[in-house]
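This report describes the fold, the helix packing and the cysteines of one protein chain. The sequence and the structure come first.

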Amino acid sequence: MKAPCEVIKDLLPLYHDGVCSDESKSLVDEHLKICDSCKAELEAMDNVLPFEAAEQNLKEAETVQKLAKRWKKAMWKSVLKGALFTIAAISAILLFLYIIIDIKIVF
């Protein structure tokens, strides 16, 4: 049975990793005997990723880490501002109650 290259190219990663079924393995084996294009693609899977791609990934990871630090710092600033605003609002209300309404607060 002659399988189209598209089907074989879908199976090649499984074949390369040795996790496809025996039927799929024999189908790919038969196809690779006659198809140089699929054979070249299988050989390309053995090649290591280019260093440029790895370096690009490291740069992107660094950028994400910097953004995460900036976000975390901004989050803490917001929490601190919210806490200070809350304390100021409660103090203003207590001062209003103490001065205007003459309610004495006992601690």
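A residue is called buried here when its relative accessible area is under 20%, exposed when that area is over 50%, and partly exposed in between. By that criterion, buried residues make up 12% of the 107 residues in the protein chain. The model is a predicted one.

**Overall fold**

The protein chain holds four helices and zero strands. Read from the N terminus, its elements follow the order α-α-α-α. Among contacts in the protein chain with a separation of 6 or more, 50% involve residues 24 or more positions apart.

**Helix 1**

Helix 1 covers residues 5-17, which is 13 residues. Its expected span at 1.5 Å a residue is 18 Å, and the C-alpha atoms at its ends are 18 Å apart, so the two values agree. Helix 1 nevertheless has a kink of about 40 degrees at L11, shortly before the proline P13. L11 is also one of the buried residues of this helix, along with I8, L12 and Y15. Which elements do the buried residues of helix 1 pack against? They pack against helix 2 (22-34) and helix 3 (36-46). Just after helix 1, G18 adopts a positive phi of about 75 degrees.

**Helix 2 against helix 3**

The axes of helix 2 and helix 3 cross at roughly 115 degrees and come within 6 Å. Angles of 65 to 115 degrees count as roughly perpendicular, so helix 2 is roughly perpendicular to helix 3. On the helix 2 side the contact is made by H31, L32, K33 and I34, and on the helix 3 side by D36, C38, K39 and L42.

**A3 and H31**

A3 lies in the segment before helix 1, while H31 belongs to helix 2. Leaving aside neighbours within four places in sequence, A3 is in contact with I8, L27 and H31. With the same exclusion, H31 is in contact with A3, P4, C5, I8 and C38. I8, which appears in both lists, is among the buried residues of helix 1. The C-alpha atom of A3 is also 8.4 Å from that of V28, although A3 and V28 are 25 residues apart along the chain.

The relative accessible areas of four residues discussed in this report are as follows.

| Residue | Relative accessible area | Class |
|---|---|---|
| A3 | 4% | buried |
| H31 | 6% | buried |
| C38 | 0% | buried |
| C5 | 27% | partly exposed |

A3 counts as buried because its value of 4% is under the 20% cut-off. C5, at 27%, counts as partly exposed because this value lies between the 20% and 50% limits.

**Cysteines**

A disulfide is a covalent bond between the sulfur atoms of two cysteines. How many disulfides does a search of the whole structure find? The search finds zero. C5 is in no disulfide, and the nearest cysteine sulfur, that of C35, is 3.6 Å away. For C38, the closest cysteine sulfur is likewise in C35, at 3.6 Å. A disulfide needs two cysteine sulfur atoms within 2.5 Å, so the sulfur of C38 is too far from that of C35 for a bond. C38 is buried, with a relative accessible area of 0%, and takes part in the contact between helix 2 and helix 3. C5 and C38 are both in contact with H31.

Note on methods: Residues numbered from 1 in each chain as written. Predicted model: local features only at pLDDT ≥ 70, side-chain atom pairs only at ≥ 80, totals over all residues. Heavy atoms only, no water. Buried < 20%, exposed > 50% of the residue type's maximum accessible area, 1.4 Å probe, protein only. Helix = DSSP H or I, 4+ residues; strand = E, 2+ residues; numbered from the N terminus. Expected span 1.5 Å × (residues − 1). Bend = angle between axes of the 7 residues up to and from the residue. Contact = heavy atoms within 4.5 Å. Axes fitted to C-alpha atoms, helices over the stretch in contact; angles between N-to-C directions. Parallel < 35°, antiparallel > 145°, perpendicular 65-115°, else oblique.
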